[in-house]
Amino acid sequence: MSTYKSDFLNILDERGFIHQCSDFDALDAKLCEGVQSAYIGFDATAQSLHVGNLTGIMMLYWFQQSGHKPITLMGGGTSKIGDPSFKDEQRSLLDDETIEANIHQILNTCFHQFLKYGDGKTDALMVNNNDWLDGLHYLSFLRDYGRHFTVNRMLGFDSVKTRLERESPLSLLEFNYMVMQGYDFLELSRRHKCSLQMGGSDQWGNIINGVDLGHKSDRAQLFALTAPLLTTPDGKKMGKTESGAVWLNAEMLSPYDYYQYWRNVDDAMVSTLLRRFTVLPMDEIKKLDTLEGQEINEAKKILAFEATKLCHGEDAANDAQGTAQKVFEQGSVGDDLPSIEIDEARLAGGVSVVDLLVETGLASSKGEARRLIKGGGAKVNDNKIEAEDESVSNADLSGESYLKLSSGKKKHALVKVS
């Protein structure tokens, strides 16, 4: 039973978003004083955000729904450095032009479906930390703010300790990331009266740096709030598949494939994901929690539809759901499956199934395609492919002039004749 006074913390608690907070009681009281501002930072290391960013986006969503002002901070400046995180290698450095292009794509495809932007009191605000980081004078910055950071404490943060314990190189560039993120919080406090930074539990050290810097530099009352990281039952981070990241940009991952990602999650995760990544009322979610056995598939369909609707809109969710029903329940093929076109003359001469698996994206390489065939997971028109050198031709076309390729039971694509 939630015991918070503020709607926001009650919602987050009930939906499983709360891991750690710098001061629950003081934050709860602050949220009851009126409209507050909170932010989460997103680095522009790709042209799209992915499912791993959804926890933060949904925390901002519920913050706005609770009557507060969310701030989405694009890391135009910090993307030039790279978060040390828990990886063994330094992130590849991007040039300014690539970062700007990535930010443009992310702004247009990954936020507006979740948050309402504008000039209103609780409308979301978009900012870019390059606006203040790019003009910093190094010596002045060290003198004014470097004295507030102790290396002893920074070495104790999990992301740094992990790298050092593995004896993996940690550059001064990466070590500066947490200082820059702490300074971001100070700037947002000054510019927009932002009092709360949120993020995943792996960001706790970076966020606390900002809380401490705000207190030491400006005597500001700032707060940190993190959510538990989501991992699959085998311990892997949510949002990664064999074929790569689960992007939020429809041009990088089709709404159908996005739908299928949620449709195929592990049974044990359905309840958690319904709470985190849909806006269904909790009463409905608790009813779905009671489903067992094969009935869990009905909860998965609801999860897939609601998550897709939130990210890509209701029309796209209906289309994805309809295509899935045609393929898996009615045995037919819908136009919304991922597809490629090949020339009729090329097909007449015979085309390798290995090549088609790669061209449709059902395999990332010829080696993977061959392993798929060897393992019995590759099919053409629902017929298993037995040999690695097998090919298809015009004789294999269906009456509607297409080939249906399958990778296992859940991934399909069409090859159409142009």
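**Exercise 1. Cysteines**

Task: In this predicted model, determine how far the sulfur of Cys311 is from the closest cysteine sulfur, and decide what follows for a bond.

Solution:
- Step 1. The closest cysteine sulfur to that of Cys311 belongs to Cys110, at 7.2 Å.
- Step 2. A disulfide requires two cysteine sulfur atoms within 2.5 Å, so the sulfur of Cys311 is too far from that of Cys110 for a bond.
- Step 3. Repeat the step for Cys21: its closest cysteine sulfur is in Cys32, 13 Å away, which is again too far for a bond.
- Step 4. By this rule, the count of disulfides is 0.
- Step 5. As to burial, Cys311 has a relative accessible area of 3% and is buried. Cys21, at 11%, is buried too.

**Exercise 2. The sheet that contains β9**

Task: Work out the strand order of the open sheet that includes β9, and identify its edge strands.

Solution:
- Step 1. The sheet has 5 strands, in the order β9-β15-β14-β11-β12, with mixed pairing.
- Step 2. β9 and β12 (383-384) are the edge strands, since each of them pairs on one side only.
- Step 3. Start from the β9 edge: β9 runs parallel to strand β15 (residues 411-417), and 4 bridges join the two. Within this pair, Ser339 has Leu414 of β15 as its bridge partner.
- Step 4. Further along, strand β11 (residues 378-380) pairs with strand β14 (residues 402-407) in the antiparallel sense, over 3 bridges. Here Val380 is opposite Leu405 of β14.
- Step 5. Sort the residues of strand β9 (residues 339-342) by face: Ile340 and Ile342 make up the covered face, Ser339 and Glu341 the uncovered one.

**Exercise 3. Surroundings of Leu356**

Task: State whether Leu356 is buried or exposed, and list which residues it is in contact with, leaving aside neighbours within four places in sequence.

Solution:
- Step 1. Leu356 is part of helix α18 (residues 353-359).
- Step 2. Its relative accessible area is 1%; the limit for buried is under 20%, so Leu356 is buried.
- Step 3. With neighbours within four places in sequence set aside, the contacts of Leu356 are Ile340, Val351, Val392, Leu403, Leu405 and Val415.
- Step 4. Compare with the preceding exercise: Ile340, one of these contacts, is on the covered face of strand β9. Leu405, another contact, is the residue opposite Val380.
- Step 5. For a separation along the chain, take Lys30: it is 326 residues from Leu356, and their C-alpha atoms are 58 Å apart.

**Exercise 4. The sheet that contains β3**

Task: Find which strands are at the edges of the sheet of 6 strands, and how β3 and β4 run.

Solution:
- Step 1. The order of this open sheet is β1-β6-β5-β2-β3-β4, and its pairing is mixed.
- Step 2. Pairing on one side only marks β1 (20-21) and β4 (125-128) as the edge strands.
- Step 3. Strand β3 (residues 69-75) and β4 run parallel, joined by 4 bridges; Thr72 is opposite Met126 of β4.

**Exercise 5. Exposed helix residues**

Task: Classify Tyr138 and Lys287 as buried or exposed.

Solution:
- Step 1. Tyr138 is in helix α6 (residues 138-144). Its relative accessible area is 53%, and the exposed class begins over 50%, so Tyr138 is exposed.
- Step 2. Together with Leu139 and Leu142, Tyr138 makes a nonpolar surface patch of about 360 Å².
- Step 3. Lys287 belongs to helix α14 (residues 282-289) and is exposed at 63% relative accessibility.
- Step 4. From Lys287 to Ala299 there are 12 residues in sequence, and 9.6 Å between the C-alpha atoms.

How values were computed:
Residues are numbered from 1 along each chain as its sequence is written. This is a predicted model: local features need pLDDT of at least 70, side-chain atom pairs count only at pLDDT 80 or more; totals for chains, interfaces and linings use all residues. Side-chain values use heavy atoms; hydrogens and water are left out. Buried means under 20% relative accessible area, exposed over 50%, partly exposed in between (1.4 Å probe, protein chains only). Two strands pair if DSSP finds at least two bridges between them. Patches are made of residues with over 30% relative accessible area and no salt bridge: like charges are joined within 9 Å, nonpolar side chains (Val, Leu, Ile, Met, Phe, Trp, Tyr) within 5 Å. Accessible areas come from the Shrake-Rupley method with a 1.4 Å probe; for residues, only the protein chains shown count as cover. A salt bridge is a side-chain nitrogen of Lys or Arg within 4 Å of a carboxyl oxygen of Asp or Glu. Contact means heavy atoms within 4.5 Å.
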